[in-house]
Amino acid sequence: MLDKLDASLRFQQEALNLRTERHQVLAANIANADTPEFRARDFDFSRELAKAVKEGRGSSSMHLATTSSRHLQGTSLTFAVRELLYRVPDQPSLDGNTVDMDRERAQFVDNTVRYQASLTFLNSRLQGLKTAMQPE
């Protein structure tokens with residue numbers, strides 16, 4: 001029973017984590033819209049979600065070098081996305097930038113709406129579990 005609950009909640013957790021990472025990628029694309037030779041990036045959300053649920057989030061290979069044993073060990077953010085892809089531009093620009101602001105804004109809004117939907121679904125799931133655990 002707990003395995004099914006954990007799998008169900010893990011799916012939503014990974015979906016939220018990937019939506020956050022996609023939000024960062026899309027925000028970087030928008031921020032670099034005027035940068036010459038910048039290539040817009042994105043990733044295949046469904047493939048990355050399937051990988052994250054199946055394999056879990058990988059551990060970081062970066063370690064903080066310390067000069068004393070009394071130093072705190074640092075932690076680095078690990079991204080579940082293993083493969084960022086380059087977008088093929090609909091209309092290339094003269095400066096080599098491949099960011100299409102209309103597409104980026106649309107993807108950004110779509111990602112935001114889906115993130116909110118995942119939060120709503122997770123909240124209703126947790127409320128249902130809370131209700132089931134309360135005595136009558």
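## Contacts and the overall picture

A contact here means two residues with heavy atoms within 4.5 Å of each other. With that in hand, take the contacts in the chain with a separation of 6 or more: residues 24 or more positions apart account for 76% of them. Keep in mind as you look around that this is a predicted model.

The chain has three helices and two strands, and if you read along the sequence they come in the pattern α-β-α-β-α. Of its 136 residues, 23% count as buried. The accessible surface of the chain comes to about 9900 Å², and carbon and sulfur atoms hold 56% of that surface.

## How confident is the prediction?

The average pLDDT over the chain is 85, and 87% of the residues score at least 70. Going element by element, strand 1 comes out highest, with a mean of 94. Helix 2, residues 45–55, sits at the other end as the lowest, with a mean of 88.

## Where helix 1 and helix 3 come together

Let's start with Asn 111, which is part of helix 3. Is Asn 111 buried or exposed? Its relative accessible area is 0%, so Asn 111 is buried, given that the cut-off for buried is under 20%. Leaving aside residues up to four places away in sequence, Asn 111 touches Arg 19, Arg 22, His 23 and Leu 26. There is a C-alpha pair to look at too: Asn 111 and Thr 20 are 91 residues apart along the chain, with 8.7 Å between their C-alpha atoms.

Right next door in the numbering is Thr 112, also placed in helix 3, which covers residues 101–133. Thr 112 has a relative accessible area of 32%, so it is partly exposed. Its C-alpha atom is 7.9 Å from that of Arg 19, although 93 residues separate the two along the chain. Over in helix 1 you'll find Ala 27. Ala 27 is partly exposed as well, with a relative accessible area of 34%. Measure C-alpha to C-alpha and Ala 27 is 7.6 Å from Phe 108, a residue 81 positions away in sequence.

## A loop with an unusual backbone angle

Now hop to the loop between helix 1 (2–31) and strand 1 (41–42), where Glu 37 is placed. Most residues other than glycine have a negative phi. Glu 37 isn't a glycine, yet its phi is positive, at about 65 degrees.

## One small space inside

Rolling a probe the size of a water molecule over the atoms shows where empty space is left. How many cavities of 30 Å³ or more does the structure hold? There is one, and the largest cavity contains about 40 Å³ of space. Its lining is made up of Ala 40, Arg 87, Val 88, Pro 89, Asp 90, Thr 98, Asp 100, Arg 103 and Glu 104. Sorted by type, those lining residues come to three nonpolar, one polar and five charged.

Val 88, one of the lining residues, is worth a separate look. You'll find Val 88 in the loop between strand 2 (85–86) and helix 3. With a relative accessible area of 65%, Val 88 is exposed, because the cut-off for that label is over 50%. Val 88 also pairs up with Val 99: the two are 11 residues apart in sequence, and their C-alpha atoms are 9.3 Å apart in space.

Key. Residues numbered from 1 in each chain as written. Predicted model: local features only at pLDDT ≥ 70, side-chain atom pairs only at ≥ 80, totals over all residues. Heavy atoms only, no water. 1 Å grid on protein atoms, 1.4 Å probe; cavity = no way out; pocket = protein on both sides within 12 Å on 5 of 7 lines; lining within 4 Å. Points joined across faces, edges and corners; volume = space filled by probe spheres on them. Nonpolar A, V, L, I, M, F, W, Y, C, P; charged D, E, K, R; others polar. Helix = DSSP H or I, 4+ residues; strand = E, 2+ residues; numbered from the N terminus. Buried < 20%, exposed > 50% of the residue type's maximum accessible area, 1.4 Å probe, protein only. Areas by Shrake-Rupley, 256 points an atom, 1.4 Å probe, with all protein chains shown as cover. pLDDT = per-residue confidence, 0-100.
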